[in-house]
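Trainee: Can we go through this model together? I would like to start with how the helices pack.
Mentor: Fine, here it is.

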Amino acid sequence: MNAVMTMIRICAVGAFAFGMVAGWSPEALADEKGEMEIRKDSLTKQLLDDIRQGKIEVEGDHAAVNELVIKRDIPIKYEYISILMRAPNAFGEGPACIVCHGSADPATSYRGLDLSTCQGIINGSTEPPVRKIITPGTNPKRDVLGRMLRNNRMPLGVKFNVPTDSPAIHLVKNWISNGAKNDDHFKKSVLPLFSKPNSFAPDTPACIECHMSNQEPPSFHELNLSTYEGIMLGADSVAKGVNNATKVIVPGNPEESGVFQHLVENRMPPGIDPSSERDHPNTQLLFRWVAQGAKCN
Ligand code: HEC
Ligand code: HEC
């Protein structure tokens, strides 16, 4: 945080100091004719204007990437995405993505997912269930790629080597598949799973230790897993309003349901510490590249 604030200050001070030394200011330059004229769409000019008008937000851990890149919609090059996929620790501590997703061959690459080429990222997982991991032109936050980079498997702290096909997970899955009804089966067999420790993995707290009401804190994401109504209402109903709460159950469709996704999907790279940053600057840049159309050159 402090480093970022300092950096932005240095940026501003540096630019002004340079202006003084060289004997020009952006205004003076803009008035001149010919090749010295500063273009209206100049990024540097926009930044200086914003700094002068106090429009730069230095809140948050990623002020630099947000202010200098995301907010100004600088085109992210595939070249950079390619490096991220090849670099260890690019999104948090762990091996590079292409170590485990290096080709479309399921014999050497998990899910037959090839993250080593642009087309491979666009093609997605080639092993059944074959599926896309992004939709070019849209924010991938809720697509497979976004979920695998941001969503920790629950209960928070569960290891990635705990089976995802346990009887308890099947109970939740079948309940959602069968319409997520508030019936006796739900009350007797499904709801208590969220209230008891060790339901989904050994040595793990109950879901309701962290999701017990609509108030954050103490309840993460204002998610209440202690009642049927709370579960169906979803997450962030106070922050976003009841009608815009993030649904965590889609009746009939476990794959689209946040609760099921959070029981079976491991954050990448597997084994990453769940307390490590979910909104890593590189995650932001990867998401922006996808939103800008996932262009390959
Ligand atoms: C050490 C090996 C390993 C590394 C490194 C790794 N993954 Fe994975 N990845 C897996 C395994 C195993 C699965 C499938 C099982 C699972 O979900 O845990 C998977 C699944 C995925 C999926 C889901 C595909 C689908 O259709 O189900 C995505 C997306 C993904 N990884 C992206 C990444 C990204 C991005 C990185 C780099 C940050 C990465 N992975 C690093 C092993 C790895
Ligand atoms: C130790 C605390 C803790 C426990 C226990 C826990 N969670 Fe979470 N949960 C979190 C945190 C923190 C987040 C925020 C995002 C993250 O880390 O992925 C979260 C996010 C979620 C979300 C996403 C909400 C959204 O905004 O879409 C769901 C769904 C969820 N948890 C379900 C569960 C379930 C089901 C259990 C029990 C199996 C559980 N959680 C146990 C801390 C916990």
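Trainee: How are helix 9 and helix 10 oriented to each other?
Mentor: Helix 9 (residues 167-177) and helix 10 (residues 184-195) have axes that come within 10 Å and cross at roughly 120°. They are therefore oblique to each other. Angles under 35 degrees count as roughly parallel, over 145 as roughly antiparallel, 65 to 115 as roughly perpendicular, and the rest as oblique. The axes are lines fitted to C-alpha atoms, for helices over the stretch in contact, with angles from 0 to 180 degrees between N-to-C directions.

Trainee: Which residues make that contact?
Mentor: From helix 9, Ala168, Leu171, Val172 and Trp175; from helix 10, Phe186, Ser189, Val190 and Leu193. Contact is C-beta atoms, placed from the backbone, within 7 Å. Seven of these residues are nonpolar, one is polar and none is charged. Here Ala, Val, Leu, Ile, Met, Phe, Trp, Tyr, Cys and Pro are nonpolar, Asp, Glu, Lys and Arg charged, and the others, Gly among them, polar.

Trainee: Is this a predicted model, and how is it numbered?
Mentor: The model is predicted: local features need pLDDT of at least 70 and side-chain atom pairs count only at pLDDT 80 or more, while totals for chains, interfaces and linings use all residues. Residues are numbered from 1 along each chain as its sequence is written, and chains are lettered from A and ligands numbered from 1 in the order in which they are written.

Trainee: How many helices and strands are there?
Mentor: The protein has 13 helices and zero strands. Both are DSSP runs numbered from the N terminus: helices are H or I with at least four residues, strands E with at least two.

Trainee: Now the ligands. What surrounds ligand 1?
Mentor: There are 24 residues around ligand 1, and the closest are Cys97, Cys100, Ser125, Asn266 and Met268. Near means a C-beta atom, placed from the backbone, within 6 Å. Helix 8 gives the most to this shell, with four residues. By class, the shell has 17 nonpolar, four polar and three charged residues.

Trainee: And which residues are closest to ligand 2?
Mentor: Asn152, Met154, Cys207, Cys210 and Ala235 are the closest of the 24 that surround ligand 2. Helix 12 (residues 258-264) gives the most there, with three residues. That shell divides into 15 nonpolar, seven polar and two charged residues.

How values were computed:
Two residues are in contact if their C-beta atoms, placed from the backbone, lie within 7 Å.
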